[in-house]
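Colleague: Could you walk me through this chain? I would love to hear how its strands and its interior are put together.

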Amino acid sequence: MRNTFLLLFFFTIAIQSSVAQEHTPYSRYGLGFAADNNNAQSAQMGGLGAAFQSGETVNYLNPASYAALQLTTFDAGFGGNFTTLRTTALRAKQNTFSLNYVSLFFPVNKYWTTGVSLLPFSAKDYLVSQTQTFDTSNSVKYEYEGTGTLYNVSWGNGFKYKGFHLGFNIGYLFGKLNNNTLVYPLDKITGSFDNSAYTTWTFTDTKVSSVIWNAGAQYNLTINSKKDSSKIYNIVFGLSGSAPIKFSKGTNIDNGTYSFESGYLSSRTPDAGVNDFITDFIRPRTLTTGILDTLSETFGQAASIKIPATFNIGIMASRGIKWKVGIDFKFQPWSKYVGYENNSASRLSNSWRVAFGGEILPNDKDFSKFFARLKYRAGFNYTRTNININNKAIDEFGINFGIGIPIIITTASNEGLLQKVYTYAFNIGVEAGSRGTIQNNLVRENFVRLKFGISLNDKWFVKRRYY
């Protein structure tokens with residue numbers, strides 16, 4: 001009962017704490033910046049997913065791997081993102097912190113493992129402005145802002161028989177994405193908004209409520225060394241993905257276009273975004289002063305959103321807990337995406353990602369020294385994102401490093417006897433990389449991401465014996 005309350009507490013905190021992962025102007029496109037859903041261990045190895053298996057942490061990228069969990073496992077991941085954004089003329093810094101995942105899985109029997117997880121799916125978090133000049137003298141300023149996060153709470157199952165693993169996730173995708181646009185003419189003399197003109201405000205709120213799923217398979221090949229019978233090698237082949245998914249009928253859109261006198265912009269504080277200004281100043285005065293002139297509005301309109309299939313394949317080799325190395329490839333034909341905006345934000349390109357990495361335990365025979373007990377991890381990943389602006393593809397790469405810190409836990413064996421085992425409960429990593437380019441008037445983001453994961457393992461639902 002105490003564990004149940006602990007679980008409910010963490011899931012409640014997770015829902016309240018999972019916020020937009022990164023402030024990035026590229027979240028303007030599609031459903032926003034997609035979460036990678038790597039756990040801390042796989043993230044430190046470049047983001048390996050298709051063939052990654054672990055007996056002590058949950059791999060969300062391939063549900064077949066759930067069957068490898070040996071104990072009841074509670075996983076939680078936290079992250080910090082430190083980003084420098086650059087254009088040819090400007091430079092800015094942004095920092096964010098978020099809870100990246102939380103889950104609980106447990107083996108039902110030796111063939112089946114099940115559990116639940118809560119993950120961010122995607123997020124919009126951007127504020128971009130640009131000025132256009134018409135007829136060599138008349139200028140108009142555009143401000144684009146997006147906020148909101150989509151979450152995926154899913155029920156996962158993994159099954160194994162000998163070397164074969166199969167698994168699936170059935171999830172409920174929910175959340176709201178908000179886009180706001182302000183357009184107002186600029187005064188020719190001051191360069192600020194024109195008091196005598198009108199400002200146009202457009203918003204789109206997309207409320208997502210849909211069922212999604214994915215599935216996966218893994219095969220674990222065991223090879224015994226001919227020279228040393230104590231050495232056993234494993235090669236895991238992994239495959240995961242999903243078919244195209246059309247969002248359920250519960251997904252709908254509210255949108256509207258309004259105008260108001262630009263003079264009201266003088267009440268806007270310098271640090272107020274578009275949504276803050278509309279929510280805190282414009283909306284409260286709508287009923288009392290008729291500040292807004294409605295040009296068009298629709299509410300509860302059905303949204304026909306369709307995300308493309310995913311395909312993830314990988315291979316990983318290992319020798320016990322001594323070392324592990326793998327490579328991963330993911331492809332998603334985003335050119336077949338059907339979005340909810342009738343503009344360039346819904347026109348995406350095919351994306352792919354390749355990752356390589358591994359881990360090593362310096363001495364798997366002697367755990368007497370602290371640094372010898374640590375697992376050291378490194379990896380690399382390169383991504384062609386689904387964004388293409390001005391015929392320029394937006395790419396991203398990252399270099400990863402991290403360590404796993406073990407603890408000793410006392411748990412029950414299959415026979416119900418108490419035993420002490422090492423589990424790598426704490427995993428701390430860092431990723432340094434870059435996304436985008438300053439060419440063609442675009443934005444380059446240099447980032448450092450800190451990732452911290454906690455994996456707590458124990459055997460529940462077993463009556464312990466004491467002698």
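Modeller: Happy to! This is a predicted model, and a good place to begin is the hairpin that S6 and S7 form, with 2 residues between them.

Colleague: Which residue in that turn has a positive phi?

Modeller: S6 and S7 pair in the antiparallel sense over 22 bridges, with Gly158 and Gly167 as one pair of bridge partners. In the turn of this hairpin, a positive phi of about 55° belongs to Lys162.

Colleague: Which strand pairs with S6 over 11 bridges?

Modeller: Strand S5 (residues 126-134) is antiparallel to S6 and joined to it by 9 bridges, with Val128 opposite Tyr144. Gly158 in S6 is also the bridge partner of Thr113. The strand with 11 bridges to S6, again antiparallel, is S4.

Colleague: Is His165 buried or exposed?

Modeller: His165 is in strand S7, and the residues it touches include Gln53, Ala67, Phe159 and Gln218. A polar atom of its side chain lies 3.5 Å from the backbone oxygen of Ala64. Because buried means under 20% relative accessible area, and His165 has 7% relative accessibility, His165 counts as buried.

Colleague: How many residues does the largest nonpolar core have?

Modeller: Tyr26, Tyr337 and Phe247 are among those with the most contacts inside this core, and Phe247 touches residues including Leu31, Leu173 and Ile305. Strands S7, S8 and S17 each supply at least two of its residues. A second, separate core, which includes Phe260 and Phe277, has 16 residues, while the count for the largest core is 25 residues.

Terms used. Residues numbered from 1 in each chain as written. Predicted model: local features only at pLDDT ≥ 70, side-chain atom pairs only at ≥ 80, totals over all residues. Heavy atoms only, no water. Core = buried A, V, L, I, M, F, W, Y, C linked by side-chain atoms within 4.5 Å. Buried < 20%, exposed > 50% of the residue type's maximum accessible area, 1.4 Å probe, protein only. Helix = DSSP H or I, 4+ residues; strand = E, 2+ residues; numbered from the N terminus. Contact = heavy atoms within 4.5 Å. Polar contact = N/O pair within 3.5 Å; in protein donor to acceptor, adjacent residues only side chain to side chain. Pairing = 2+ DSSP bridges. Lists of a residue's contacts leave out its neighbours within four places in sequence.
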